[in-house]
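Work through the exercises below with the sequence and the 3D structure at hand. Try each task before you read its solution.

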Amino acid sequence: MNKNKSFFSYVIPSVIAFALSGVYAIADGFFIGNSLGDIGLSAINIAYPIGAFMQAVGTGIGMGGAVNYSIYSASGDKEKADSYAGGTGTILLIASVVLTAFLYIGLEPILILLGAEGDLLAFSKDYLRIIVLGAVFQIFSTGIVPLIRNYNGAAFAMASMTAGFSTNILLDYIFVWVLKWGVSGAAIATIIGQSVTMITGLAYLLVKKRPVFCFEITKVGSMFLQIVKVGLAPFGLTVTPNLSVILMNRYTIFYGGEQAVASYACIAYALTIVYMLLQGVGDGSQPLMSRCYGEGAVKELYGVRHLAYVYAEIFAIFSILILFLGRFHIGKLFGASEYVLAETGNVLPVFLAGIIFLAFTRVTTSVFYATEKSLFSYILVYIEPVLLFIFLLVLSYFRGISGVWWSTCLSQVACAMIALYLKYKSDT
């Protein structure tokens, strides 16, 4: 299989799967927004980062295990590779139990910290109580997908996520629009959809006779730190956009009120799909990059990296054009008011200006964690919300809500400049 064909065989299913994840994320907003209006849309947006955090934990653990599996497999150590695969399943299970207990007990204080109060708090809590109880489905559905992809199962991973997505959409329609269960119905639909992805993924591992769990505690303990070391970067790639959402929600509430939050919710939902597309390119390239790295094939590694940069930027440009042309119609998907529709259309171009830079940063980060350059990947992942906070603090003080809107774009530009410097340091 030539380089380009091999690249596309991994990346195209990954991009489609991540795009569906993006649509997955906005499905509840679509049905709830059209059912309950701006207050429902705002409640889902306030609650979303907590659910996304659980998925990020699954992604981080799964990718940490998958990278180690691929590197040891490529270097010829099959026993150690299989140990990492089984250990990943065990760590996913432990994380599910711990997070369910912690988040359920602290749900209301966390939501208040995120800015929810009054009706917004009540709606958010009703939604998240169910989501948290289904943490095992969220964590496993995202955690086993990277493993399947590294087992040459990229197409199956896409099919598994499609099955979960389709189930969620169908049940959202039934529970929210037909049965009128409101935010609770949307939460139940989400959990069932994710359980479909988890069950089909586990079935794949069993049919292929791949290790699912490892219950030798000493082995799991020795692998834990290495999985976490690699997984912190993909975890951060998934969770930091939600830290940004939290920061933006707090500042938009303060400077623009509930309608500004609803406008930002429409923008955030639209951009979620774009972010997922870009992560799909990076994560889809990861098995090939890790394999080249494990084999010591530097030239081939750089070839895969080049293709990842090119196609990430193509997706970025295409996404910018589509969203710009439809900017005044996006809010209609979520049943937004006329004011929110207009504000979303006016503000969205400011956010689109940073996507070209974000594409470069996303791929560079994926290259670093796929090749065990953990420190560089940490820097890129975790500096973005720090930069955003700095820009929010300064620009909102001088420019109010206008400064809030510009902060995301400027933080992405600054982060891309840092990524360019780290790439240069890595290559020399």
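Two residues are in contact when heavy atoms of theirs lie within 4.5 Å. The structure used here is a predicted model.

**Exercise 1. Contacts of Thr142**

Task: State which helix holds Thr142, decide whether Thr142 is buried or exposed, and list its contacts beyond four places in sequence.

Solution.
Step 1. Find the element: Thr142 sits in helix H6, which covers residues 135-150.
Step 2. Apply the cut-off: buried means under 20% relative accessible area. Thr142 has 16% relative accessibility, so Thr142 counts as buried.
Step 3. Leave aside the neighbours within four places in sequence; Thr142 is then in contact with Gln55, Gly58 and Thr59.
Step 4. For a distance in space, take Leu352: Thr142 and Leu352 are 210 residues apart in sequence, and their C-alpha atoms are 27 Å apart.

**Exercise 2. Leu301 and Thr371**

Task: Locate Leu301, classify its accessibility, and find how far its C-alpha atom is from that of Thr371.

Solution.
Step 1. Leu301 belongs to helix H10, residues 298-325.
Step 2. The relative accessibility of Leu301 is 10%, and therefore Leu301 counts as buried.
Step 3. Along the chain, Leu301 and Thr371 are 70 residues apart, while 9.4 Å separates their C-alpha atoms.
Step 4. Check for contact: with neighbours within four places in sequence left aside, Leu301 touches Met289, Cys292 and Thr371.

**Exercise 3. Two lysines with positive phi**

Task: For Lys180 and Lys209, give the loop, the phi angle and the class of accessibility.

Solution.
Step 1. Lys180 lies in the loop that joins helix H7 (154-178) and helix H8 (182-207).
Step 2. Lys180 is not a glycine, yet its phi is positive, near 60°.
Step 3. Exposed means over 50% relative accessible area. With 62% relative accessibility, Lys180 counts as exposed.
Step 4. Turn to Lys209, which is in the loop between H8 and helix H9 (217-295).
Step 5. The phi of Lys209 is also positive, about 55°, although Lys209 is not a glycine.
Step 6. Lys209 has 76% relative accessibility, so Lys209 counts as exposed.

**Exercise 4. Threonines in helices H7 and H8**

Task: Find the contacts of Thr197 and of Thr167, leaving aside neighbours within four places in sequence.

Solution.
Step 1. Thr197 is part of helix H8.
Step 2. Because its relative accessibility is 4%, Thr197 counts as buried.
Step 3. The contacts of Thr197 beyond four places in sequence are Ser141, Ile144, Ser160, Met161 and Gly164.
Step 4. Thr167 is part of helix H7.
Step 5. The contacts of Thr167, under this exclusion of neighbours within four places, are Ile192, Gly193 and Val196.
Step 6. Ile144 is a contact of Thr197; from Thr167, Ile144 is 23 residues away along the chain, with 19 Å between the C-alpha atoms.

**Exercise 5. The whole chain**

Task: Count the helices and strands, then decide whether the chain is as compact as a globular protein of its length.

Solution.
Step 1. The chain contains 14 helices and 0 strands.
Step 2. The radius of gyration is 21 Å, close to the 22 Å from the globule rule for 428 residues, so the chain is as compact as a globular protein of that length.
Step 3. Along the principal axes, the C-alpha atoms fill a box of roughly 60 × 45 × 35 Å.
Step 4. Of the 428 residues, 59% are buried.
Step 5. Take the contacts with a separation of 6 or more: 83% of them are between residues 24 or more positions apart.
Step 6. The exposed area of the chain is about 16,800 Å², and carbon and sulfur atoms supply 70% of it.

**Exercise 6. Confidence and charge**

Task: Find which element has the lowest mean pLDDT and which the highest, and how far apart the mean positions of the positive and negative charges are.

Solution.
Step 1. For the chain, the mean pLDDT is 88, and 98% of the residues reach 70 or more.
Step 2. Among the elements, helix H1 (residues 3-36) has the lowest mean, 77, and helix H14 (residues 401-427) the highest, 94.
Step 3. The chain has 24 positive and 21 negative charges, whose mean positions are 9 Å apart.

Definitions and conventions: Residues numbered from 1 in each chain as written. Predicted model: local features only at pLDDT ≥ 70, side-chain atom pairs only at ≥ 80, totals over all residues. Heavy atoms only, no water. Helix = DSSP H or I, 4+ residues; strand = E, 2+ residues; numbered from the N terminus. Rg over C-alpha atoms; globule rule 2.2 N^0.38 Å. Buried < 20%, exposed > 50% of the residue type's maximum accessible area, 1.4 Å probe, protein only. Areas by Shrake-Rupley, 256 points an atom, 1.4 Å probe, with all protein chains shown as cover. Lys, Arg positive; Asp, Glu negative; His and termini not counted. Charge placed at Lys NZ, Arg CZ, Asp CG, Glu CD. pLDDT = per-residue confidence, 0-100.
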